[in-house]
Amino acid sequence: MQKKLLTEMVGLSKTDVKKTFEPPIKKLEPKLLQGEIVVNEVNFVRKCISAESSQDDLWGKLICTNFKVSFISQDASSKQKSQLSHLLLGDHDIPLTCLEQVVTVNDTKGKKKVLGSNQKLKFNPTELILYCKDLRIIRFCFGEAGPEGAKKVCLAIAHYSHPADLQLLFGFEYQGRRYHESKGERVNGSTPREGLRTPIFDRPWDLDREIKRTGASEWRVCSINEGFSISQSLPEYIVVPVSLADEDLKKYSVFFTDQRIPLWCWNHPNGSALVRMAVISDPLQQRRIDQKVFTAITKSHPQRSEVLRSDLDKCLPNIQDIQSGFVKVRQICVIDHFEESDERWFSSIENSRWLEYVRAFLKHSAEIVYQLDGKNASVILQEEEDRDLNCVVSSLVQLMLDPHYRSLVGFQSLVQKEWVMAGHRFLDRCNHLKKNDKEESPLFLLFLDCVSQMMSQYPAAFEFTESYLTVLSDSMWIPLFSTFLFNSSKQQAKHLMDFAKNKAIPHGEDQVVYFPPVWDWSQQFSPKDQTLFNNPMYVGKGAACVQNGEVKTFRRTKKAYSHTLRGMPASLRNGTKVVEDTLTRRGSLVSELRSDFSPVKDESPSERFFRDWFSRPADQQGLLIPLLVPSHLALWKLYFLRWVPEACIPKGGPITAYRKLSQLVDEIEILQNRLRQYKGRGPGNGPLPSPSGPLSDQRRMYFKASSPHDPPSPSDVLTSSFPFSPTGNLCRGGSHGTPISKFLNGARIWLSTETLNDTV
């Protein structure tokens, strides 16, 4: 064979011989979406994987498109593999809207510059560091790349990450192309909205269904804001008391900030209503309008109970405080070197005040729950503009009160109703256009953090998982969906109307079709990856549980729903009591706190209410109140520490229990399906199904139960960052034996460094 090959090569030049033996060079091309174009690129770029050594670094091409920053590795077996495979983004891709800062560095000259739009760069960069809004920090080195190419790609990334106008966000180009290219897949040119299980609340019947579901018979859907003729920030359809006429609402609207008249949120089975509104801008009219509004809400209650007002501007931190707390905790978790902050890590987290703000919102929401359920009183949440703090509190109150909102579809409908349609300024608060840093504030992330705290305390009460919350927060930075792009329904309607006109989309086409919301997760993830959102411990409606040795079924009845509340005694609510066992099960927690539940002299009604609530076992489909003792509130590890390699615990973290539970639930469901097949077969229906036969791919759990007949498969290497991978993010010094390592092993950050050695 060798002789034949040498014979064939006689007469070939050295260059030809070299080409014959050289392996083909891999062509590095990015995966582009519809409408996506490459703006600039540079070859021979090194992506840093480790701070200590460069041997694991990846070589490849750095590309800037009109949608993302993409790195195409030459190494086919890249170490940076995420278990969660995104359909629109690769493992090394960063959406331009996700970039917080673009920093160029020249090591030889000791220069560093934060790049903005249309800025000049006077030195050739040797490094590029990208600080991302999802807390990633990515570093590229240009040692082998051409200096001009490196400079151009850095300037392109900075420019395209600062769009001058909302319409320049890539989602407008992408959805226009996608709409026309998928026309043939739609029936009669349109996709039925029924395919989207989450209601959008932009049409009257969505609100009608919610009124009927909550039994709010004294409330009605009002259309006075059609065409946004009254308020620019309210949705076109709102729910108001039956006793308030449209003409009166129009007359009163001019006295509210931005004409935001009272907006119904939810009704308790006892008739109490949760309402939100802006402040009355004319002090002279305050008393008269208050009387009209309060009277109408009182009439909507079957017992004509009192109406209470909660002024959130006076009792909760403002948006600037929340932004400041987030910046500090982000600095501590992902930017500061551990070796520089080891001794003060716990106190630094506490001093950031982020967890203090989480606790404040949970505490105030629990107090509103007492007013609605314990006092049977309707509550008005009031905020100056009714678009920030009200969104957080109204959502948390409903999450505590109504188990429907703890299902996946219910939770999404809650966000759609209380955030998107109610006019939360997502465009400004996320700072997508990077025009006004003073308006930026992570209120939605704060809400998700509050939800994660409740999930950690009541893990069987929520249908969705911590991974779902984290993915939802990441979706804010992907500008392909309508949910997190706009400040109000009017702004969305105006921009999408212009968009439809520019893209030749037929007049009257449903906006959900040509610019869909984020709730259709099949746009981003495969069916298998979506199963990561399913909580194996969830106790849904009608699900059985074992309580005191008896099998019981949760059924929502008005009586049980109204009187199984539990809350916090005063000794727990003032933050002074510390419980040593911070990860207790429900039963041990009750026994530990039983002494606090004994009746006390001069006990207030609210203290009695909370004492009674805590003294009973938790009904996962009843009302839930979070524990607010500082030791029960922990840093949201999966969100804040998922990209920190030093904080990643191999074969550790909650994912290990999640995997075992998922496999157990999957096995139970397989047996249930086979039992149903067995019961459904008559005597002459043929043989029974084989226990080792093929199983349906439509299984709820990500981790599947293994069968003795299954071929052996390599075990997954799971880490505490699952389903995310911290590999390839900027590394810092080690954490072994430091306060952060103790925190990762279960210590709570509220313990001071002085007492840490005695308690951990």
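This passage describes the fold of a predicted model, from its overall make-up to selected local details.

The protein contains 28 helices and 16 strands. Of its 760 residues, 54% are buried. Contacts often link distant parts of the sequence. Among contacts between residues at least 6 apart in sequence, 73% join residues at least 24 apart.

One open sheet has 4 strands, in the order 11-12-14-13, and its pairing is mixed. Strand 11 (263-267) and strand 13 (307-311) form the edges. Each has a single partner strand, so one side of each has no neighbour in the sheet. From one strand to the next, the twist averages 20°. Strands of a sheet pair through backbone hydrogen bonds, in either a parallel or an antiparallel sense. Strand 11 and strand 12 (residues 273-278) run antiparallel and are joined by 4 bridges. Within this pairing, Asn 267 has Ala 273 of strand 12 as its bridge partner. A helix also contacts this sheet. Helix 7 (residues 286-299) lies across strand 12, strand 13 and strand 14 (378-383). The angle between helix 7 and strand 13 is about 125°.

Strand 5 (residues 99-106) is another element with well-defined partners. Strand 5 is mostly covered, with 6 of its 8 residues buried. Strand 7 (residues 127-132) runs antiparallel to strand 5, and 6 bridges join the two. Leu 99 is matched there with Cys 132 of strand 7. Strand 6 (residues 111-115) also pairs with strand 5 in the antiparallel sense, over 5 bridges. In that pairing, Val 103 has Val 114 of strand 6 as its bridge partner. Strand 5 and strand 6 make a hairpin, with 4 residues between the strands. Gly 110 in this hairpin takes a positive phi near 65°.

Helix packing was examined for one pair. Two packed helices are described by the angle between their axes and the distance between the axes. Helix 12 (residues 354-374) packs against helix 24 (residues 605-614) at an angle of about 95°. Their axes are 11 Å apart. The two helices are therefore roughly perpendicular to each other. On the helix 12 side, the contact involves Ala 366, Tyr 370, Asp 373 and Gly 374. On the helix 24 side, Pro 605, Ser 606, Phe 609 and Phe 610 take part. These contact residues comprise 5 nonpolar, 2 polar and 1 charged.

Cysteine pairing was considered next. A disulfide is a covalent bond between the sulfur atoms of two cysteines. The structure holds 0 disulfides. Cys 48 is in no disulfide, and its nearest cysteine sulfur, that of Cys 141, is 3.4 Å away. The cut-off for a disulfide is 2.5 Å, so the sulfur of Cys 141 is too far from that of Cys 48 for a bond. Both residues lie away from the surface by the burial criterion: Cys 48 is buried, with a relative accessible area of 6%, and Cys 141 is buried, with a value of 5%.

One buried loop residue brings together several parts of the chain. Glu 440 lies in the loop between helix 15 (426-429) and helix 16 (443-457). With a relative accessibility of 11%, Glu 440 counts as buried, because the limit is under 20%. Leaving out residues up to four places away in sequence, Glu 440 touches Glu 100, Lys 133, Gln 323, Asp 428, Arg 429, Cys 430 and Asn 431. Glu 440 and Gln 320 are 120 residues apart along the chain. Their C-alpha atoms are separated by 8.2 Å.

Three loops show notable backbone geometry. Phe 201 has a positive phi of about 65°, although it is not a glycine. This residue sits in the loop between helix 4 (170-181) and helix 5 (204-214). Phe 201 is buried, at 4% relative accessibility. Phe 228, also a residue other than glycine, has a positive phi near 55°. Phe 228 is placed in the loop between strand 9 (219-222) and strand 10 (238-241). Its relative accessible area is 9%, and Phe 228 is buried. Finally, a cis peptide bond joins Phe 722 and Pro 723, with omega about 10°. Pro 723 belongs to the loop between helix 26 (654-679) and helix 27 (739-744).

Conventions. Residues are numbered from 1 along each chain as its sequence is written. This is a predicted model: local features need pLDDT of at least 70, side-chain atom pairs count only at pLDDT 80 or more; totals for chains, interfaces and linings use all residues. Side-chain values use heavy atoms; hydrogens and water are left out. Axes are lines fitted to C-alpha atoms, for helices over the stretch in contact, and angles run from 0 to 180 degrees between N-to-C directions. Angles under 35 degrees count as roughly parallel, over 145 as roughly antiparallel, 65 to 115 as roughly perpendicular and the rest as oblique. Contact means heavy atoms within 4.5 Å. Ala, Val, Leu, Ile, Met, Phe, Trp, Tyr, Cys and Pro count as nonpolar, Asp, Glu, Lys and Arg as charged, and the others, Gly among them, as polar. Two strands pair if DSSP finds at least two bridges between them. Buried means under 20% relative accessible area, exposed over 50%, partly exposed in between (1.4 Å probe, protein chains only).
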